[in-house]
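Here's a short set of exercises to work through with the structure open in your viewer. Try each task before reading its solution.

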Amino acid sequence: MKKHNFSAGPSILPQEVFEKAAQAVLDFNNSGLSILEISHRSKDFVAVMEEARALVLELMGLEGKGYQALFLSGGASLEFLRVPYNLMKMHGKAAYLDTGTWAAGAIKEARQFGDTNVIGSSKADNYSYIPKDYTVPADADYFHCTSNNTIFGTQMHSFPETTIPVVCDMSSDIFSRNLDFSKFDLIYAGAQKNMGPAGTTLIVVKESILGHTGRVIPSILDYKQHIDKESMYNTPSVFAVYTSYLTLQWLKNNGGIDAMEKRNNDKAALLYAEIDRNPLFSGTAKTKDRSRMNVTFLLKDEAHTEQFDKLWKAAGISGLPGHRSVGGYRASIYNAMPIESVQVLVDVMKELERSSQ
Ligand SMILES: *Cc1c(COP(=O)(O)O)cnc(C)c1O
């Protein structure tokens, strides 16, 4: 039986995408070859790469605005390093918002390149909220933030106005809600949270912010080289890019980002309403900063753990435990998750309440 997969990543994808990807493993585009054995320079795959890159800009409303989309390797973690390499000037300065484990990882890498200012942090409160009282310095080379904190279940619902380039790690909420993407200069996202399988990272970058650091950048780390080589500087993750392309097509055919946002809001509202109503549970993130992608919660009394775990497993739910660094529970309700699966979880929570009375 197919599980209700609440895993934070690698995570659920649309069933239709699984089926098409599986078919392509057997026979890609009736070529008599598997997607796993074709050349990345073959006509059919070059077309996939071109269309996927164009589709990203189309879905984000960034066509003709000086942006390029790339599908690179190394995960979002490599972008923690590639971003300062490409954007921080020699003896330069960057501003970072510290909203969780991933943000802290990005800060750690940036420190190797120059003056890395943490202008706001919620670390002292176990990252349960998004800092608001901070000023982005106008003389920094860029500002970096994390739109959705996968581990702590918080999400930025607004972004600061600034004149310096804005860089955002959108790994766990990319394509989940509409934003004015032209306010960002560089967006990156590991595919495995809301777009595809593990193995590729989407980068959307405004070309005009590149080439100003005075640094010598190794080719593989240089966004410009990847742009010049049309995201084929080295062998791309063919299967991960193809599967992400299938998800992007699914997104477009199902109403685009606006339609996803509406579905995601409905799913999140359903689950948070139960967390707030059910006397056995409590949410861990401050209400106004709650994530609509990763819903984190706790059992108020740990004595109910065994019974709750038994119930959700019996209901066919998978991937519910919180990140190993925080414990509790985390329901990741990415684009591909149907509201019916969220209802199954809500029903289990109600059942626990009944059975504990
Ligand atoms: C998962 C995650 C990462 C790390 O991604 P990798 O692809 O494993 O490097 C970085 N940032 C955020 C917000 C994430 O959710």
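**Exercise 1.** Find out what covers the buried residues of helix 1, and work out how those buried residues are arranged around the helix axis.

*Solution.* Keep in mind that you're looking at a predicted model.

- Step 1: look at the cover. It includes helix 6 (238–253).
- Step 2: check the helix length. Helix 1 has twelve residues (15–26), and at 1.5 Å a residue it should span 16 Å. Its end C-alpha atoms sit 17 Å apart, which agrees.
- Step 3: pick out the buried residues of helix 1, which are V17, A21 and A24. Viewed down the axis of helix 1, the buried residues fall within an arc of 60°, so they line one face.
- Step 4: recall the geometry. An α-helix has 3.6 residues a turn, so residues three or four places apart point the same way.
- Step 5: turn to the face pointing away from the buried side of helix 1. There you'll find the exposed residues E19 and L26.

**Exercise 2.** Decide whether H304 is buried or exposed, and list what it touches beyond its sequence neighbours.

*Solution.*

- Step 1: locate H304 in the loop between strand 12 (294–299) and helix 8 (305–314).
- Step 2: compare areas. The relative accessible area of H304 is 18%, and buried means under 20%, so H304 is buried.
- Step 3: leave out residues up to four places away in sequence. H304 then touches L280, L299, L352 and S356.

**Exercise 3.** Classify the ring pair F28 and Y242, then do likewise for F159 and F184.

*Solution.*

- Step 1: know what to look up. A pair of aromatic rings is described by the distance of the centres and the angle of the planes.
- Step 2: count the pairs whose ring centres lie within 6.5 Å. There are twelve aromatic pairs.
- Step 3: take F28 and Y242. Their centres are 5.1 Å apart with planes at 85°, so this pair is edge-to-face. It links distant parts of the chain: F28 is in the loop between helix 1 and helix 2 (43–59), while Y242 is in helix 6, 214 residues apart.
- Step 4: check burial. F28 counts as buried at 1% relative accessibility, and Y242 counts as buried at 9%.
- Step 5: take F159 and F184. With centres 5.0 Å apart and planes at 85°, the pair is edge-to-face. F159 sits in the loop between strand 7 (154–155) and strand 8 (166–169), and F184 in the loop between strand 8 and strand 9 (186–190), 25 residues apart.

How values were computed
Residues numbered from 1 in each chain as written. Predicted model: local features only at pLDDT ≥ 70, side-chain atom pairs only at ≥ 80, totals over all residues. Heavy atoms only, no water. Helix = DSSP H or I, 4+ residues; strand = E, 2+ residues; numbered from the N terminus. Expected span 1.5 Å × (residues − 1). Buried < 20%, exposed > 50% of the residue type's maximum accessible area, 1.4 Å probe, protein only. Arc of directions from axis to C-beta. Contact = heavy atoms within 4.5 Å. Phe/Tyr/Trp six-rings, centres within 6.5 Å; stacked < 30°, edge-to-face > 60°.
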